Amino acid sequence: MLTFLGACKKVSRRKGETASRSPRSNGYTPKNPKNMVGPKAAKTPQNKNVSVLGIKPEQEPKTMKKTVLAFSRITPPMIENLQQEFDVIVPNPKAGDINAQFNEALPHAHGLIGVGRKLGRTQLENAAKLEVVSSVSVGYDNYDLAYFNERGIMLTNTPDVLTESTADLAFALIMSSARRVAELDAWTKAGQWQASVGAPLFGCDVHGKTLGIVGMGNIGAAVARRGHFGFNMPIIYSGNSRKTDLEQQLGAQFRSLDELLAEADFVCLVVPLSDKTRHLISHRELALMKPGAILVNISRGPVVDEPALIEALQNKRIRGAGLDVYEKEPLAESPLFQLSNAVTLPHIGSATNETREAMANRALANLRSALLGERPQDLVNPQVWRG
Ligand code: DGY
């Protein structure tokens, strides 16, 4: 049976029943309109079985299944899979305000799965049953971990599966910024190619230049490997700890942040966002960089003081920037859009079909474990585990 819960859809189907995917939404529409609630619903006795958000708890149908609120990045086949063990609520963009639907469903949810929502005390105060938030991301700066710990809510993320794709994108930004790929693509398509390109449109080499990695975690190391093996780049890095294995494998050399900024031709930011890394790169740090250097940010926007960066790019204090992340996302308008020395991408580090599917599957496995009483593989806050 597939039912709509108020504005949301609550999906709970018997073996053998099928649902078809709505052509314009990520959610489901029931094959049988008799199972819908709302203006389009057929007035049949079957509708007596539906549950509607807003009813008093004692009126709710008794179910042994836990409830999952799947708010983003979960595909219809994955939802079908989840339905075998859980009742699933999927906010439906076509059914109105998505935030209202999310808030309406929250009190029913034992588990949340998705990404892109700030979740803390204010947002979760009505989520009385909540046991786990399974984030479809490696970064978890959107979540108030102290509050999760206070409430005993598990938080899981999706490390490893996006490492290589995100490192690929770092290199796309390095190459695009250095060789002016995006800028010259637009220039060519605008019909400006009248004669052989001259020095004003030349870029700079990547191979053999010094690559500075700020934050040598898994993704940082994957970027460094590309630089070392693919482009013969000397690698320098800064961070909280020395990585002697990478020093041996890649000849990487440890530097303080200031030393790295002064020495690198490409500075690649791969640190998680925290109170320590917020505005790690501001006026002072940009002033330390070489005039010919390029800043690449694939971590989180607030790691860079964006107005300071814009000023440095406008004044050609540094050569350029390759950006996938911003202080405020989505970036609707910005002085960056007027700058030919800034490559701006819409936070697509992990956005390949293969990687997004792998992330969603990893998040599903974490959610499932948590709700079925097994320790999830990627538990961010093990202190709340009561297993
Ligand atoms: C992450 O996983 O943290 C990426 O930024 C994708 O959204």
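Helices and strands are taken here as DSSP runs, with at least four residues for a helix and at least two for a strand, numbered from the N terminus. With those labels in hand, a walk through the structure can begin. The model is a predicted one, and the protein averages a pLDDT of 87, with 84% of the residues scoring at least 70. Two stretches call for caution. Over residues 1-8 pLDDT stays under 50, and the model has 45 contacts beyond four places in sequence for them. Residues 12-59 likewise stay under a pLDDT of 50, and for this stretch the model has 73 contacts beyond four places in sequence.

The secondary structure of the protein comes to 12 helices and 16 strands. Of the 387 residues in the protein, 41% are buried. Among contacts with a separation of 6 or more, 62% join residues that are 24 or more positions apart.

Strand β7 is a convenient place to start on the strands. This strand covers residues 111-114 and is buried on both faces, with G111 and I113 on one side and L112 and G114 on the other. Strands of a sheet pair through backbone hydrogen bonds, either parallel or antiparallel. Strand β5 (residues 66-70) runs parallel to β7 and is joined to it by 3 bridges; here L69 stands opposite L112. Strand β8 (residues 132-135) also pairs with β7 in the parallel sense, over 4 bridges, and V132 of β8 is the bridge partner of G111.

Helix α12 packs against this same region, as its list of neighbours shows: the buried residues of the helix pack against β5, α1 (76-83), β6 (86-90), β7, β8 and β9. Helix α12 takes in residues 353-371, 19 residues in total, and reaches 27 Å from its first C-alpha to its last, close to the 27 Å expected at 1.5 Å a residue. Its buried residues are M359, A360, R362, A363, L364, N366, L367, R368, S369, A370 and L371, a list in which R362 and R368 appear alongside residues such as L364 and L367. The helix is followed by G373, whose phi is positive, near 85°.

A further set of strands forms an open sheet. Its 7 strands follow the order β12-β11-β10-β13-β14-β15-β16, and the pairing is parallel. The edges are held by β12 (253-254) and β16, each of which pairs on one side only. Within the sheet, β13 and strand β14 (residues 294-297) pair in the parallel sense over 4 bridges, and N297 in β14 is the bridge partner of L269.

Helix α7 is in contact with several members of this sheet. The elements that cover its buried residues include α5, β10 (211-214), β11, α8 (244-250) and β13 (266-269). The residues of α7 that are buried are I219, G220, A221, A222, V223, A224 and G227. Its length is as expected, because 14 residues at 1.5 Å a residue should span 20 Å and the end C-alpha atoms of α7 are 19 Å apart, which agrees.

Several backbone details deserve a closer look. N232 follows α7 and lies in the loop between α7 (218-231) and β11 (235-238). Although N232 is not a glycine, its phi is positive, at about 55°. N232 counts as exposed because it has 11 C-beta neighbours inside 10 Å, where the cut-off for an exposed residue is 12 or fewer. A second positive phi in a residue other than glycine occurs at D160, where the value is near 70°. D160 is placed in the loop between β9 (154-156) and α5 (163-179). With 14 C-beta neighbours inside 10 Å, D160 counts as partly exposed, because that class falls between the 12 or fewer of an exposed residue and the 20 or more of a buried one. The peptide bond from E329 to P330 is cis, with omega near -5°, and P330 is found in the loop between β15 (320-323) and β16 (342-344).

Finally, there is the ligand. The residues around it are V115, S137, V138, G139, L162, G349 and S350. This shell divides into 3 nonpolar and 4 polar residues, with no charged ones.

How values were computed
Residues are numbered from 1 along each chain as its sequence is written. This is a predicted model: local features need pLDDT of at least 70, side-chain atom pairs count only at pLDDT 80 or more; totals for chains, interfaces and linings use all residues. A residue is near a molecule or strand if its C-beta atom, placed from the backbone, lies within 6 Å of it. Ala, Val, Leu, Ile, Met, Phe, Trp, Tyr, Cys and Pro count as nonpolar, Asp, Glu, Lys and Arg as charged, and the others, Gly among them, as polar. pLDDT is the predictor's confidence in each residue, from 0 to 100. Two residues are in contact if their C-beta atoms, placed from the backbone, lie within 7 Å. Two strands pair if DSSP finds at least two bridges between them. The expected span of a helix is 1.5 Å times one less than its number of residues.
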